[in-house]
Each structure stands twice: as C-alpha cells, then as structure tokens.
Amino acid sequence: MKKTRREFFKNAAIAGAGIAAGSLVPPAGAATKRVKWDREADVVVIGAGAVGLPAAIQARQDGASVILLEAQKDVGGHAILSGGNVPLGGGTSAQKKYNIADSPDLIFSDLTDWSVVEPNGFPDYRYNDREIIRAFADNSAPTYEWLVAQGVIFVNKSPDNAGGNSVGNSAPREMHSAAMSWPRPETGKPVPSAAGPITSHGIGLIRPLEATARKSGVQILLEHKMVGLVRENPASGRVLGVTVDNKGTKLNLRAKKAVIIATGGSTGNVNFRRIFDPRLTDEYHSVAGEPWSFQDASGELAAMAVGASLWGAYNQVGEFGINITKAGYIGCQYGYRNLSWQPGSAVFHLARASGLGVGDWQYVILVNQAGLRFYDETVDQYKANNFKALQPYTPGSYRNLVNAKYDPRSVNFLNAALAGTGLPVNGGGPIWAIFDADAVKRERWNPEPPNVDIEKGYFFTANTIAELANKVVMKYQPKGLPADALQNTVAKYNSFVDAGKDADFGKPTPKYKIQTAPFYAAWAVPVIHDTRAGLRINWKCQVIDLNGQVIPGLYCGGESAGGFSEHGLARCTVQGRIAGKEAAAEKT
Ligand SMILES: Cc1cc2nc3c(=O)[nH]c(=O)nc-3n(C[C@H](O)[C@H](O)[C@H](O)COP(=O)(O)OP(=O)(O)OC[C@H]3O[C@@H](n4cnc5c(N)ncnc54)[C@H](O)[C@@H]3O)c2cc1C
C-alpha cells in the first residue's frame, strides 16, 4: 500500500459534495476551490457490490492501484443478499459442457428484440441501448470464466432458468453461485453444510470476490461514503477524485486515473425514483435489500452534479420484471418475498421483524387505506421474459406479437395497489392484509415479535374488525382505517365465499371467510426492487454528459447505469469488469 500523500490540486471543483441521502439539490455553488488530497490511488471505486468488486479486482489485475469505498460496515451491497442466480451466457464453458448452444450474437439479438412483449404489451428489450448490449454480449462468457478464476464456485449443474428476469428467450443462461459455508447476512448463519455446494446464494459470489480483492491489494475502506465528485471545473475537465464521509470526518481521495461509480441504483431515494414514477411516494419504503445497504442515488446525484445525463428512463417505468414487486412477507417493513430478516442478522436491529411469509393469498384479503379491497389478492406482479417464455419464438418477428397472450388481468395487481383512493395526492397509501385466527392456523404463523413489527406500527391485533380498524394507526395511516368500510369489506368478502364467487374482483373461488377472532392487520405494501435506469454510459462504461460528451475519468456500471433492461448480477459483473479494465488503461 502506498503511503498517504497530501497533495493540492489547483482549481478543482468539489461538485456534489454534501449531497445528503434523499436530497436532489446539487451543493450550493459547487464552487471552484483548492482541494487538499488525503489519500490517492490510480482508480477509486465507489461501492463494494456486484459492480464494485469485479471493477476493483480487474483494475488491480491490470496494474492499477485501487481504493474501493463502501458506505456500510461490510461489503456486498444487494449482491450479497441476492439469490446468486447469475445469467451469464454467450457460450460459457458450463453451457458447452451441457451442449447448450449460445453465442454473443444470440445474446445481442435476444436483448435487443423489439418484438418480445409481456401479457400487458410492455416490451422487455425494445429500449435497450445497442452499444451497451453489444459490449455485454461480447463480455458475458469471458466474465463467467473470470469469476470462476477469481474463486467463485458455481453449483455444478446445467445452466437453467431459475431466477431469470429479462435475460433473453433463446438459451438457458442462469448459473448459481454456491453458498458454501459463508454465513448469510440475512440470518447470520450458513446453510447446513451438505446444502452449501448446491444452494444458490449471493454470498457465494461476494465473499470469494472480496477475498480475491484483498489478496490482490485492493484497499477496501468500509464506512467511507462518497458524498461528492471532484472535477477540474464544475462541468468540464477530468474527474479527479471523490469526497468521502468517514463517520463524520470529511476526506478527499484523489483518483489518478479514474473514478468508478458502482453505488447500486436509486430506488431508495423517494424524490429520485419519482422522476420515473410519481406514484412511488414515501410509504413504499420497503426497498428490497435494505437495510443492509441503500440504493440512495448518491452515485447518480454526484455524477449529475458534474454534468452527467440519465439514460433509458423507459426501462425503469416499463411494467415488466421486478422493478416493483408484490410483498411476500407481511407485518414488517421489509417484505421482499425472497428475503426474510432473522434475529441473527447483523442488521436485524434495523429490520426489526422477519415478517409472515404468505403461502397462499386465499388466506387474506388486501385493503387500501380506505379499508377497501382493490384487486384479486391471488394475482401476482408484472412478468418478465425468460428462456422459452415465448414459444414459438422467431427473433425480431411480428409473429411474436401475434402469438403473445394479451392478459391484462394477470399483471395489474400492482397498478391497482398504487392507484390511490381518489384523493388528489400521489401514492396508493398503505396496503393492509386482513385475516383471522383461522388463517394463522392454516399458515402456521406465529404472529408475535420478532416475526411481526408491532412497536413501529406494521402489525395490529384486535377481537373485532371494528376494533382492529381503529387500532391501525401509524405514520402512513394517521387516522386508522375507517371502521364501517372495513366491516363492510369483510362482510361482503364473506358473502363472496358463501356464493363461491368474487363479484368485485374475480378472485378465483374465494375460499375462506374472515370470521374467527382475533383479527389481524399486517403491512403489505408493494416492495421496490430493481433500478434499470441510471447514468448514461457508453460501451466502455464511461459516463456521458448532457451534451453527449464523455466525462473524462468517470465510469459507471450496474444498477446506477442506464440503457440496459435486465435484472441483476450478470450486467453488473460484466460492466464492473469493463469499467475496471478501461479505468486502469487511462493515462495517469
Ligand atoms: C434480495 C435480492 C435478491 C436478488 N437476487 C438476484 C439474483 O438471484 N440474481 C440476479 O441477477 N440479481 C439479483 N438481485 C439483484 C442484484 O443483487 C443487484 O442487481 C446487484 O447487486 C446490483 O449490483 P450493484 O453493484 O449495482 O449494486 P450493489 O450490489 O447493491 O452494490 C452497491 C454498493 O454500493 C454501496 N454504496 C452506495 N452508495 C455509496 C456511496 N455513496 N459511497 C460508498 N458506497 C456506496 C452500497 O452500500 C453497496 O454496497 C437481487 C437483489 C436483492 C435485493
């Protein structure tokens, strides 16, 4: 490690410094001033997740000195919590082993196919940036081999479909990083030892990469949050470094070659996400992956403050995939269906409750803040294209549109949930799952802390429906649920069960009455998940400004970058490597 060097750069602008989480306002003046550098490296990577770790390792392997900044106490970001399903294809050794035909051209064709649409007519790939997809297609298989070389162990089986989300129609590409014996952040425990090599989990991607990064000399600085970029002039010249907050101490870090933004997206920043969808107001604070790490748009905001452009907004707004999801765990703030926080987790004090996993939506009804049902509870979230999802499939053909099954009913639960209740305000307000003691028995729930969050108002119990309605008081439901409305809703639903028909929303044969005390209300708002739009980049992952010009010395990839509609880890790891390589190749 190089000795800390103090240096001054004349006329540098600290632009974006002081951006607070949630603030969209660039710092006053972004004034030009002298910067005192506290530390330096060739490449400074911001964020130690699915982009940042590969970027840092690649840059280091290409000869650069690297500082990797991480805002949290541990590395991994959302990637370490992920299912470890990694859709890297294009002719990987794993695909070859199982005689699966795939190629970079096939990936490119798949991920730019204008004719693939979901049952609501929304296309997965139509608005992808061709330059970015080509780079991904060409680097997909090499990145798989590279991950293996860095120590990532994949479950030893044929590439499949599991966990896929807008990953292309033509070939199975999902590989699965094996959990092995690392403790999982959400439980604090490893999976049982026999299951380690066959269980897909993000821990199996991140911990080997972390080990390789440390071994290869990447300086990982935990609890160092980037709060601004330093550029020569507010909107011109090179990006020279970053400003960091380390537990209240401000530091300036010089990047002799480049800065890489790998901060993981923007869905946790209410004002930022509402640029794309005004409905996503504050009550949707159940962002998947939080409270381990936060998608606070800090990377996007800092880059925009030095002139960067956003890109590919449709990919965030489009109703496909898991940009927004239906809650899977209820009665807690963080209800993402594939992630239940357990008391052994290092962040359980922030998550506060594990939630009740819903096995069957027949057991509950969902009501909005007015105490009214709004949709068939058994309907799931938006759909996404995946291997063989469209059959027969003719790439780029009108036939795909003709063969697509238009089925608006099966994909509009979320829109009904987010619709609001007729007031001139955005946001659908809270959604409550209402159920009774019989449902608790059927689901074998234990409706007590730490499974439910009573203290902060995410779970309520009462002996009558009216009493329950009056009790449901919390930040987003300040006056409780209207008791008459809730009683009527339950009575009507029970009559639908008697009649065997949901006359309001067509829930297929409503099965169970809500009739046995005690009664329960559990928080069940939709959960925000992916960011698929972010900073404009080119194929090298260089950040582009509002005039279409490269911002010298600034790179970005993954969920903070735009132009690429695909869920998750493949685009992140590939873009991390590209950014690391290109950054290391910059002249000092
Ligand atoms: C529960 C869950 C399951 C998932 N499962 C899958 C799956 O099976 N397959 C798949 O393909 N995808 C999956 N995903 C999505 C995938 O994990 C993400 O797309 C991917 O991790 C994004 O990579 P990233 O590097 O952009 O962000 P992250 O991996 O989130 O990393 C960003 C890092 O940057 C840090 N950071 C942010 N701001 C700053 C700052 N200002 N200064 C310093 N550090 C900062 C964060 O703390 C974080 O550590 C899942 C996501 C979740 C939440």
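Where is the place of P392? P392 sits in the loop between β16 (365-367) and α10 (398-403). Let's take a walk through this predicted model, starting from that loop and ending at the ligand.

**Backbone features in the loops**

P392 is linked to Q391 by a cis peptide bond, with omega at about -5°. Another cis peptide bond connects A517 and P518, and there omega is about 0°. P518 belongs to the loop between α14 (483-499) and β19 (519-523). T509 also has its place in the loop between α14 and β19, and its phi is near 35°, a positive value in a residue other than glycine. R352 is a residue other than glycine with positive phi too, near 75°. You will find R352 in the loop between α9 (348-351) and β15 (356-357). With a relative accessibility of 23%, R352 counts as partly exposed, because the partly exposed range lies between 20% and 50%.

**Two residues to look at: D138 and F320**

Is F320 buried or exposed? F320 is buried, because its relative accessible area is 0% and the cut-off for buried is under 20%. F320 is placed in the loop between α8 (314-317) and β13 (324-325). Leaving aside neighbours within four places in sequence, F320 is in contact with residues from several parts of the chain, including E118, F122, P123, S166, Y382, R532 and S565. Between the C-alpha atoms of F320 and I100, which are 220 residues apart along the chain, the separation is 27 Å.

D138 lies in helix α4 (residues 130-149). With a relative accessible area of 38%, D138 is partly exposed. Its side chain makes a polar contact of 2.8 Å with the side chain of R134. The C-alpha atoms of D138 and L468 are 57 Å apart, with their positions 330 residues apart along the chain.

**Nonpolar cores**

The largest nonpolar core has 98 residues, and V45, L69, L229, V242, W341 and L554 touch the most other members. If you centre your view on L69 and leave aside its neighbours within four places in sequence, its contacts include V44, V45, I46, L221, H224, V242, V244 and L253. There is also a second, separate core of 56 residues, with V358, V367, F460 and I514 among them.

**Around the ligand**

Which residues come nearest to the ligand? Of the 39 residues around it, these are E70, N85, S298, E559 and L569. Three polar pairings with the ligand are listed here.

| Residue | Protein atom | Ligand atom | Distance |
|---|---|---|---|
| E70 | side-chain N or O | oxygen | 2.6 Å |
| N85 | backbone N or O | nitrogen | 2.7 Å |
| M226 | polar backbone atom | nitrogen | 2.8 Å |

On its own, the ligand has 1000 Å² of accessible area, and the protein covers 98% of that. How is the shell around the ligand made up by class, and how many residues are in each? The shell has 16 nonpolar, 20 polar and three charged residues. Among the elements of secondary structure, β6 (85-87), β9 (225-233) and α15 (569-584) each supply at least two residues of the shell.

Note on methods
Residues numbered from 1 in each chain as written. Predicted model: local features only at pLDDT ≥ 70, side-chain atom pairs only at ≥ 80, totals over all residues. Heavy atoms only, no water. Core = buried A, V, L, I, M, F, W, Y, C linked by side-chain atoms within 4.5 Å. Buried < 20%, exposed > 50% of the residue type's maximum accessible area, 1.4 Å probe, protein only. Contact = heavy atoms within 4.5 Å. Near = heavy atom within 4 Å. Polar contact = N/O pair within 3.5 Å; in protein donor to acceptor, adjacent residues only side chain to side chain. Areas by Shrake-Rupley, 256 points an atom, 1.4 Å probe, with all protein chains shown as cover. Helix = DSSP H or I, 4+ residues; strand = E, 2+ residues; numbered from the N terminus. Nonpolar A, V, L, I, M, F, W, Y, C, P; charged D, E, K, R; others polar.
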